[in-house]
Amino acid sequence: MSKKITALHAFNTIYKKEPQDLAFTPYRICPIGAHSDHNLGKITGFAIDKGIHIAYGPKMNGVVEITSLQFPQRAQWHVNGTPAEKQNDWADHLRGATIALSNRYPLRIGICTVIDGELPIGGLSSSAAVIITFLSALCNLNGIKLTEHELILIALEAENKYVGVSCGKLDQSCEVYSKKDHLLYMDIKDDSYELIPASSNMKPYEIAIFFSGLERSLASSKFNMRVDEAKSAAYSLMAFSGMEYGKFSETVLRDVPRNVYEEYKEKLPENWRKRAEHWYTEYERVEAGAEAWRKGDIDTYGRLSFESGRSSVYNWETGSPELIELYEIMTHTDGIYGGRFSGAGFKGCCMALIDPSFEEKILEQVKNEYIKAFPHLKNKYSAYICNTADGVKLR
């Protein structure tokens, strides 16, 4: 049974009626450009043909009532009385979204909804996809028409200000702007982007998702610390070089020229230098990757994705033992063009661009080697084959 049908059936069971509508937002992958957006770098990414489904209907009394088929407890609040502080449960992302939307538009009508995700949680920006799908539904019920840019900013505000995750716009942008069979190439500094079509001479490809069997929460991970370390590097480099600087919170590596980094990097604490090294090299990988994709050179694009993954391990210093093992297995598996952790990289999954003719062998080899390394995860590990997809459809 598809997740769309599952959400619909669950809504019928809980509310004893048909939903007014259904909404869907795809998950995303970012083969090159990870850990860059929060310091205004460049990214590349795709939406994939799996995501979050919501079946929903109106509640005229303004109550928001959310059921997730991935979590046991139902959540409830009022569109004009959302708790000001996070409640430390799975619904915080949607409380934050309600507040961010109500700060911009009047809300009168609430929502009853059932949420279902097509893949395990962790690494595919499921939180951003849930927020965007929820906002799409709540806006539809209240007659609100958001632009794509507004939707991204509201979803980002929910994560940054309410949940407390110092992420950038990568996830939301991939889930909104992406187009099937195109690479999203985006500059976070000015929000300009290009959709680069797959060249007619490009080798065939699919997307493989390998789940480690572990779930994670960005807010409880070291994600925010890594972002602060990158900002600290930028602030210090500005001071060492005599550049003018202002508030720490507004300082980003994008404002520090590469030659300044090269001149003063040895003055940085090792951790800060590593974060900056990842950021600058990732910026270059993104530009090279976009050019490779434009030429139809998926081998080069894949190699750059592998390099991105290695930099995330050694310079950004993310990756649980399980994800690092998955990544290493991918690097020596025939038929995989390239890949890396998907998401923050502390737990979750890895993604890979693969040659479809090797699909069966890839799935078998990766599984066998991973389960040999972590036999206790045999019943939790899973793998999926996906394709690129269009971003969310705004009403």
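**Salt bridges between distant parts of the chain**

Student: At what N to O distance do the side chains of Arg 254 and Asp 187 meet in a salt bridge?
Tutor: In this predicted model, local features need pLDDT of at least 70 and side-chain atom pairs 80 or more, while totals for chains, interfaces and linings use all residues. Residues are numbered from 1 along each chain as its sequence is written; side-chain values use heavy atoms, without hydrogens and water. The pair joins Arg 254 to Asp 187 by a salt bridge (Lys or Arg side-chain nitrogen within 4 Å of an Asp or Glu carboxyl oxygen), N to O, at 2.9 Å.

Student: How far apart in sequence are the parts that this pair ties together?
Tutor: Arg 254 belongs to the loop between helix 6 (223-241) and helix 7 (258-264). Asp 187 belongs to strand 6 (residues 182-187), so the separation of the parts is 67 residues (DSSP runs: helices H or I, at least four residues; strands E, at least two; numbered from the N terminus).

Student: Is Lys 42, which forms a salt bridge with Glu 287, buried or exposed?
Tutor: The closest N and O atoms of Lys 42 and Glu 287 are 2.9 Å apart. Lys 42 lies in strand 2 and Glu 287 in helix 8 (residues 270-295), 245 residues apart. Glu 287 is partly exposed at 34% relative accessible area. Lys 42 has 12% (buried: under 20%; exposed: over 50%; partly exposed: in between; 1.4 Å probe, protein chains only), so Lys 42 counts as buried.

Student: Which residue meets Glu 262 in a salt bridge?
Tutor: Glu 262 is partly exposed, at 33% relative accessible area. Its partner, at 27%, is also partly exposed. The two are four residues apart in helix 7, about one helical turn. The side chains meet at 2.9 Å, N to O, and the partner is Arg 258.
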